[in-house]
Amino acid sequence: MKFIFGLGNIGAKYDQTRHNIGFMALDHFAASQGVDFTPTKLFATAAKLQVDGETVWLVKPTTYMNDSGQAVRAFLDFYGGNGDDILILHDDLDSDFGKLRFRAKGSAGGHNGLKSIMAHTGTQNFLRLKFGISHPDHTHQAVINYVLGKFSKEDLAYWDQVFEKTDQALLDWIKGADAAALSNRYNG
């Protein structure tokens, strides 16, 4: 069993914001696979699919970004699994706009969703797919406003193209591609 967690904030107020790129990518993948998200009792909405005999849960935490780990822990406890079974999709301020980057492990790099997941799982050893949103190079408050700001129509059209590539990357991971292979094929 595998789990793909898209990170974001719930509610219409946060739709199409930079911080919700994980939700957006996961929504695109779910649509490509013909599955819909439904509420769960595990602090998330989720969709279940089968790929080559592998059960895969697509999960969007409903706890807001800063408490994402609560849903990750709940799914791992309920269904079984560990860091090797999860892939986290999230925004990355420190990467250029539109750049994809797989990373097998490491620190949270200031990302509160990742900090929460690390606190709830007790590990940094899980795969992430980072979506570059660039950095506004301003004060802390400006960064908050930036990540919670909405994408332009042009940006959204660009992301739709990126998500086509992302869909294939997620399928490759589900079918067994490791971090090194994914990095070689998709990073950059």
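**Salt bridges, helix packing and surface**

Trainee: At 15% relative accessibility, does Asp-172 count as buried or exposed?

Mentor: This is a predicted model, in which local features need pLDDT of at least 70 and side-chain atom pairs count only at pLDDT 80 or more, while totals for chains, interfaces and linings use all residues. Residues are numbered from 1 along each chain as its sequence is written, and side-chain values use heavy atoms, with hydrogens and water left out. Three classes are used, namely buried under 20% relative accessible area, exposed over 50% and partly exposed in between, with a 1.4 Å probe and protein chains only. Because the relative accessibility of Asp-172 is 15%, this residue counts as buried.

Trainee: Which residue forms a salt bridge with Asp-172?

Mentor: A salt bridge requires a side-chain nitrogen of Lys or Arg within 4 Å of a carboxyl oxygen of Asp or Glu. For Asp-172 the closest N and O atoms are 2.8 Å apart, and the partner is Arg-185. The pair links distant parts of the chain, 13 residues apart, with Asp-172 in helix α5 and Arg-185 in helix α6; helices (H or I, at least four residues) and strands (E, at least two) are DSSP runs, numbered from the N terminus. With a relative accessible area of 53%, the exposed partner is Arg-185.

Trainee: How do α5 and α6 run relative to each other, roughly parallel or roughly antiparallel?

Mentor: Helix α5 (residues 153-174) and helix α6 (residues 179-186) pack with their axes 10 Å apart at an angle of about 160°. That angle makes α5, relative to α6, roughly antiparallel. Axes are lines fitted to C-alpha atoms, for helices over the stretch in contact, with angles from 0 to 180 degrees between N-to-C directions. Since angles under 35 degrees count as roughly parallel, over 145 as roughly antiparallel, 65 to 115 as roughly perpendicular and the rest as oblique, the arrangement of α5 and α6 is roughly antiparallel.

Trainee: What class of packing angle do α2 and α3 have?

Mentor: The axes of α2 and α3 are 7 Å apart, and the two helices pack at an angle of about 40°. That angle makes the position of α2 relative to α3 oblique.

Trainee: How far apart are the closest N and O atoms of Asp-27 and Lys-60?

Mentor: Asp-27 is partly exposed, with a relative accessible area of 32%, whereas Lys-60 counts as buried at 13% relative accessibility. The two residues form a salt bridge, with the closest N and O atoms at a separation of 2.6 Å.

Trainee: Which residue in helix α2 pairs with Arg-73 in a salt bridge?

Mentor: Arg-73 is partly exposed, with a relative accessible area of 25%. Its partner lies 4 residues away in helix α2, about one turn of the helix, and is exposed, with a relative accessible area of 54%. The closest N and O atoms are 2.9 Å apart, and the partner is Asp-77.

Trainee: Where is Gln-16, a residue other than glycine with a positive phi?

Mentor: Phi of Gln-16 is near 60°. At 41% relative accessibility, Gln-16 counts as partly exposed. Its place is the loop between β1 (2-6) and α1 (21-33).

Trainee: How far apart in space are Gly-106 and Leu-127, C-alpha to C-alpha?

Mentor: Gly-106 lies in the loop between β6 (100-103) and α3 (112-121), and counts as buried because its relative accessibility is 11%. Although Gly-106 and Leu-127 are 21 residues apart in sequence, their C-alpha separation is 9.3 Å.
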